[in-house]
Amino acid sequence: MRLFAVTVFLLISGNVYSEDSNYYLGTGFNNWSYKESNGPSTSFKDIVLITGIELNKVSSIELRLGNSLSAGAIAPGIDIETDTFVSLYLKSSSKLSIANAHWLIGFSNVKLKASNGKTDSADGVSAGLGLSKNISSNLSANIEYIYLVKGGEDNYTISGLGFGLQFKF
């Protein structure tokens with residue numbers, strides 16, 4: 001958590017009030033689908049903090065940190081939820097006539113916790129596709145599908161739909 005706070009501070013500290021700053025911050029919500037390879041499935045919701053820097057007109061580097069908003073039932077009396085997730089992405093965008101399309105490729109680390117006290121974690125390649133629409137010159141809304149991670153003790157896959165807002169400094 002301290003590493004994330006330091007990263008956010010470093011990303012926004014130099015050019016927050018500059019007209020040509022390439023930094024952005026955002027927040028979003030994800031509705032994750034959790035599926036074990038030979039077992040149960042469920043869904044749960046997260047809130048996510050997004051920070052990034054535009055490298056050029058089409059490429060960005062993004063850091064995302066998420067935490068649970070709600071748990072999902074995986075078995076009678078047992079709920080699971082995200083303890084935390086951290087993702088680092090390379091993001092590429094392309095302008096369309098009504099919105100901007102983007103894809104993400106990177107690495108995620110996910111820590112899950114269950115109501116029975118069990119914990120698990122997984123990390124690996126993460127990817128996504130999305131659309132964003134400018135609301136104003138420095139505010140945009142987005143929707144995206146993310147394949148977050150596959151792995152863990154129960155060989156699960158976490159993927160889902162997310163939406164959010166981003167503010168460009």
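## A polar contact at S159

The side chain of S159 makes a polar contact with the side chain of Y145, at 3.0 Å. The model in which this pair appears is a predicted one. S159 lies in strand β9, which covers residues 156-168, and Y145 is found in strand β8.

The two partners differ in how much of each is covered. S159 has a relative accessibility of 12%, so it counts as buried, the limit being under 20%. Y145 has a relative accessibility of 44% and therefore counts as partly exposed. Leaving aside neighbours within four places in sequence, S159 is in contact with N31, W32 and S33, and also with Y145, I146, Y147 and L148.

## The nonpolar core

L148, one of the residues in contact with S159, also belongs to the largest nonpolar core. This core has 20 residues, and those with the most contacts inside it are W32, Y34, F44, V110, L112, L148 and I158. At least two residues of the core come from each of β1 (23-36), β2 (41-54), β5 (78-95), β6, β8 and β9. Strand β6 supplies the largest share, 4 residues.

The contacts of L148 can be listed in the same way as those of S159. With neighbours within four places in sequence left aside, L148 is in contact with W32, F85, S87, Y89, S108, V110, V125, S126, I158 and S159. W32 is in contact with S159 and with L148. As a general tendency, nonpolar side chains in soluble globular proteins are buried together.

## A nonpolar patch on the surface

Nonpolar residues also form a patch on the surface, of about 920 Å². The patch is made by F29, I47, L69, L96, L131, I143, Y145, Y147, L161 and F163. Strands β8 and β9 are the elements that give two or more residues to the patch, and β8 gives the most, with 3 residues.

Y145 thus has two roles in this description: Y145 is a member of the nonpolar patch, and the side chain of Y145 is the polar contact partner of S159. Y147, another member of the patch, is in contact with S159.

## Salt bridges around R64

The structure holds 8 salt bridges. Two of them involve R64. In the bridge between R64 and E62, the closest N and O atoms are 2.7 Å apart. In the bridge between R64 and E144, the closest N and O atoms are 2.5 Å apart. The R64 and E144 pair links distant parts of the chain: R64 is in strand β3 (residues 59-70) and E144 is in strand β8 (residues 139-151), with their positions 80 residues apart in sequence.

These three charged residues count as buried because their relative accessibilities are 4% for R64, 0% for E62 and 4% for E144.

## A salt bridge between loops

K118 forms a salt bridge with E153, and the closest N and O atoms are 3.4 Å apart. This pair too links distant parts of the chain, 35 residues apart: K118 is in the loop between β6 (100-114) and β7 (119-134), while E153 is in the loop between β8 and β9. K118 counts as partly exposed, at 35% relative accessibility, and E153 counts as exposed, at 59%.

Elsewhere, salt bridges that share partners join E62, R64, K91 and E144 into one network.

Notes: Residues numbered from 1 in each chain as written. Predicted model: local features only at pLDDT ≥ 70, side-chain atom pairs only at ≥ 80, totals over all residues. Heavy atoms only, no water. Buried < 20%, exposed > 50% of the residue type's maximum accessible area, 1.4 Å probe, protein only. Polar contact = N/O pair within 3.5 Å; in protein donor to acceptor, adjacent residues only side chain to side chain. Contact = heavy atoms within 4.5 Å. Salt bridge = Lys/Arg side-chain N within 4 Å of Asp/Glu carboxyl O. Patch = residues over 30% accessible without salt bridge, like charges linked within 9 Å, V, L, I, M, F, W, Y side chains within 5 Å. Areas by Shrake-Rupley, 256 points an atom, 1.4 Å probe, with all protein chains shown as cover. Core = buried A, V, L, I, M, F, W, Y, C linked by side-chain atoms within 4.5 Å.
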